[in-house]
Amino acid sequence: VTGVASLEVGADLANLAFGVDAEAATAAEALAANSQAMEKVVVAVREAGIDESELSTAQFNISPVYERQQERAGAPVKQVLKGYRVSNMLNVNTANLDKVAGVVDSAVMAGANRVDRISFGLSPELNERSRQQLIEAAVENARHKAMLALDPLDHEIVGVKNVSIAERAGPGPRFAEGMRMDMAVSAAPPVFAGDQAVMVTVNVTFL
């Protein structure tokens, strides 16, 4: 018999990905412009209350930029090199959920022109504590199902042969679109951490 138990747990971890895209005629010029803008963004994020240990580079990329050109109607379309684009994405992983909206606002005001992700989740420690709380309830759920199935058959449970707890990853991140945070930041975008569903599944073989 499979038993299931679940509960909603308030998120305690936020993950943000934002950064700067810069274009210029040469790769060196694009890199210089991106580096200058990104330095301002990092300073603003630090001033918003994010520790250096909570920062990491999520992505760095230099790529050519082409444009389509056609000399005349009916002529072949050519891909002409226009310049280069440098993308530098910063990742923020923080437990200070009340600072998320302010961090995004500070980053954008400092020059970040990409905000790719704002998501909320559970730290490994909180996820594991929540799962441990659910094991007993999941086993009781399995026992209740077994009793319902055995009662019309005039049988009863006399023992347990085997119990296994399904190992599964923690709940997936909850993204911030359409949410708001329980805080008031006048210029910051409204975001809301929300709850995460934690579930435990057990398989019990009864005698």
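**Exercise 1. Place Asn91 in this predicted model: which strand holds Asn91, and is Asn91 buried or exposed?**

Solution.
- Step 1. Find the element. Asn91 lies in strand 4.
- Step 2. Check the accessibility. Asn91 has a relative accessible area of 12%. Buried means under 20%, so Asn91 is buried.
- Step 3. List the contacts, leaving aside neighbours within four places in sequence. Asn91 is in contact with Asn15, Leu16, Ala17, Glu54, Leu55, Ser56, Ala58 and Arg117.
- Step 4. Look along the chain. Gln59 and Asn91 are 32 residues apart, and their C-alpha atoms are separated by 8.5 Å.

**Exercise 2. Which residues touch the most other members of the largest nonpolar core, and which elements give two or more residues to this core?**

Solution.
- Step 1. Recall a general tendency. In soluble globular proteins, nonpolar side chains tend to be buried together.
- Step 2. Pick out the best-connected members. The largest nonpolar core has 21 residues, and Leu16, Phe18, Val41, Val45, Val92 and Phe120 touch the most other members.
- Step 3. Name the contributing elements. Two or more residues each come from strand 2 (13–24), helix 1 (27–47), strand 4 (78–94), helix 2 (100–110) and strand 5 (114–121).
- Step 4. Take Val92 as a case. Leaving aside neighbours within four places in sequence, Val92 is in contact with Ala14, Asn15, Leu16, Phe18, Val45, Ile50, Glu54 and Leu55.
- Step 5. Note a second core. This separate core has 13 residues, including Leu122, Ala138, Val202 and Phe206.

**Exercise 3. Where is Asn34 found, and is Asn34 buried or exposed?**

Solution.
- Step 1. Locate the residue. Asn34 is part of helix 1.
- Step 2. Apply the cut-off of 20%. The relative accessibility of Asn34 is 1%, so Asn34 counts as buried.
- Step 3. Find the partners beyond four places in sequence. Asn34 is in contact with Val20, Asp21, Ala22, Val86, Ser87 and Asn88.

**Exercise 4. At what angle do helix 1 and helix 2 pack, and which residues make the contact?**

Solution.
- Step 1. Read the geometry. The angle is about 150°, and the axes are 8 Å apart.
- Step 2. Classify the angle. Angles over 145 degrees count as roughly antiparallel, so helix 1 and helix 2 are roughly antiparallel to each other.
- Step 3. Give the handedness. Helix 1 passes helix 2 in a right-handed crossing.
- Step 4. Name the contact residues. Helix 1 uses Ala37, Lys40, Val41, Ala44 and Val45, while helix 2 uses Val103, Ser106, Ala107 and Ala110.
- Step 5. Sort them by class. The contact has seven nonpolar, one polar and one charged residues.

Notes
Residues are numbered from 1 along each chain as its sequence is written. This is a predicted model: local features need pLDDT of at least 70, side-chain atom pairs count only at pLDDT 80 or more; totals for chains, interfaces and linings use all residues. Side-chain values use heavy atoms; hydrogens and water are left out. A nonpolar core is a set of buried Ala, Val, Leu, Ile, Met, Phe, Trp, Tyr and Cys residues joined through side-chain atoms within 4.5 Å. Buried means under 20% relative accessible area, exposed over 50%, partly exposed in between (1.4 Å probe, protein chains only). Helices (H or I, at least four residues) and strands (E, at least two) are DSSP runs, numbered from the N terminus. Contact means heavy atoms within 4.5 Å. Axes are lines fitted to C-alpha atoms, for helices over the stretch in contact, and angles run from 0 to 180 degrees between N-to-C directions. Angles under 35 degrees count as roughly parallel, over 145 as roughly antiparallel, 65 to 115 as roughly perpendicular and the rest as oblique. A crossing is left-handed if the near helix is turned anticlockwise from the far one by less than a right angle, and right-handed if clockwise. Ala, Val, Leu, Ile, Met, Phe, Trp, Tyr, Cys and Pro count as nonpolar, Asp, Glu, Lys and Arg as charged, and the others, Gly among them, as polar.
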